[in-house]
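Biologist: Hi! Could you walk me through this one while we both look at it?

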Amino acid sequence: MAKRNNEQISISDALKEFVETNRLEKGLNKVNVADAWANLMGNGVNNYTTSVSLERDTLYIQLNSSVLREELSYGKEKIIKMLNEELGKEIIKKLILR
């Protein structure tokens, strides 16, 4: 049984400690990246997005529109920068549009 800690800490600190202890940060990053993509790109792009997945530091986006894929490929660096700013840390280093 785990030792009980009697000192008071805030909920956010407790959650951060729980995430670090159980090594859940990678899974949370995957969820947060998908949410950030949906928020930043809006309904127009989200309607053509079939999957968003994060593997290590590479974000894979699957689109069902070749025209949209070509348009987004011109602004990859800007998209990466916007997503990292939305997430608050440098998670994505490479973007691959499929």
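Modeller: Sure, let's go through the sheet, the helices and a few residues in turn. Keep in mind that this is a predicted model.

Biologist: Great, let's start with the sheet. How many strands are there, and what is their order?

Modeller: There are three strands in an open sheet, ordered β1-β2-β3, and the pairing is mixed.

Biologist: Which ones are the edge strands?

Modeller: Those are β1, residues 49–55, and β3, residues 94–97; each of them pairs on one side only. From one strand to the next, the twist averages 15°.

Biologist: And do β1 and β2 run parallel or antiparallel?

Modeller: They run antiparallel, with six bridges joining β1 to β2, which covers residues 58–63. As a general point, strands of a sheet pair through backbone hydrogen bonds, and the pairing can be parallel or antiparallel.

Biologist: Can you give me some partners to click on? What is the bridge partner of S51 in β2?

Modeller: Look for Q62, which is the partner of S51 in β2. Another pair to find is E55 with T58, again with the partner in β2.

Biologist: Found them. What about β2 and β3, parallel or antiparallel?

Modeller: Those two run parallel, and four bridges join them. One pair to look at is Y60 and its bridge partner I96, which sits in β3.

Biologist: Now the helices. Which strands does helix α2 touch?

Modeller: Helix α2, residues 25–46, packs on the sheet and touches β1 and β2. The direction of α2 makes about 150° with that of β1.

Biologist: And which strands does helix α4 touch?

Modeller: Helix α4 spans residues 76–87 and also packs on the sheet, touching β2 and β3. Its direction makes about 120° with that of β3.

Biologist: Back to α2 for a second. Which residues does L40 touch?

Modeller: L40, which has its place in helix α2, touches M82, L83 and E86, leaving aside residues up to four places away in sequence. L40 counts as partly exposed because its relative accessibility is 29%, and the cut-offs for that class are 20% and 50%.

Biologist: How many residues apart are L40 and E71 in sequence?

Modeller: They are 31 residues apart in sequence, and in space their C-alpha atoms are 16 Å apart.

Biologist: I also clicked on A34. Where does it lie?

Modeller: A34 lies in helix α2 too. With 27% relative accessibility, A34 counts as partly exposed. Its C-alpha atom is separated by 13 Å from that of L95, which is 61 residues apart from it along the chain.

Biologist: Let's jump to R56. Where does that residue lie?

Modeller: R56 is in the loop between β1 and β2. The hairpin of these strands has two residues between them, and R56 takes a positive phi near 55° there. That is a positive value in a residue other than glycine.

Biologist: Is R56 buried or exposed?

Modeller: Exposed: R56 has a relative accessible area of 81%, so R56 passes the 50% cut-off.

Biologist: And E55, which residues does that one touch?

Modeller: E55, in strand β1, touches K30 and Y60, again not counting residues up to four places away in sequence. E55 is partly exposed, with a relative accessible area of 44%. Between the C-alpha atoms of E55 and K89, 34 residues apart along the chain, the separation is 16 Å.

Biologist: Last topic, the surface. Which residues form a nonpolar patch there?

Modeller: F18, L24 and L28 form it, and together they have about 270 Å² of accessible area.

Biologist: Which helix is F18 found in?

Modeller: F18 is found in helix α1, residues 11–21. F18 counts as partly exposed because its relative accessibility is 49%, and a residue has to be over 50% to count as exposed.

Biologist: Thanks, that was really helpful!

Key
Residues are numbered from 1 along each chain as its sequence is written. This is a predicted model: local features need pLDDT of at least 70, side-chain atom pairs count only at pLDDT 80 or more; totals for chains, interfaces and linings use all residues. Side-chain values use heavy atoms; hydrogens and water are left out. Patches are made of residues with over 30% relative accessible area and no salt bridge: like charges are joined within 9 Å, nonpolar side chains (Val, Leu, Ile, Met, Phe, Trp, Tyr) within 5 Å. Accessible areas come from the Shrake-Rupley method with a 1.4 Å probe; for residues, only the protein chains shown count as cover. A salt bridge is a side-chain nitrogen of Lys or Arg within 4 Å of a carboxyl oxygen of Asp or Glu. Buried means under 20% relative accessible area, exposed over 50%, partly exposed in between (1.4 Å probe, protein chains only). Two strands pair if DSSP finds at least two bridges between them. Axes are lines fitted to C-alpha atoms, for helices over the stretch in contact, and angles run from 0 to 180 degrees between N-to-C directions. Contact means heavy atoms within 4.5 Å.
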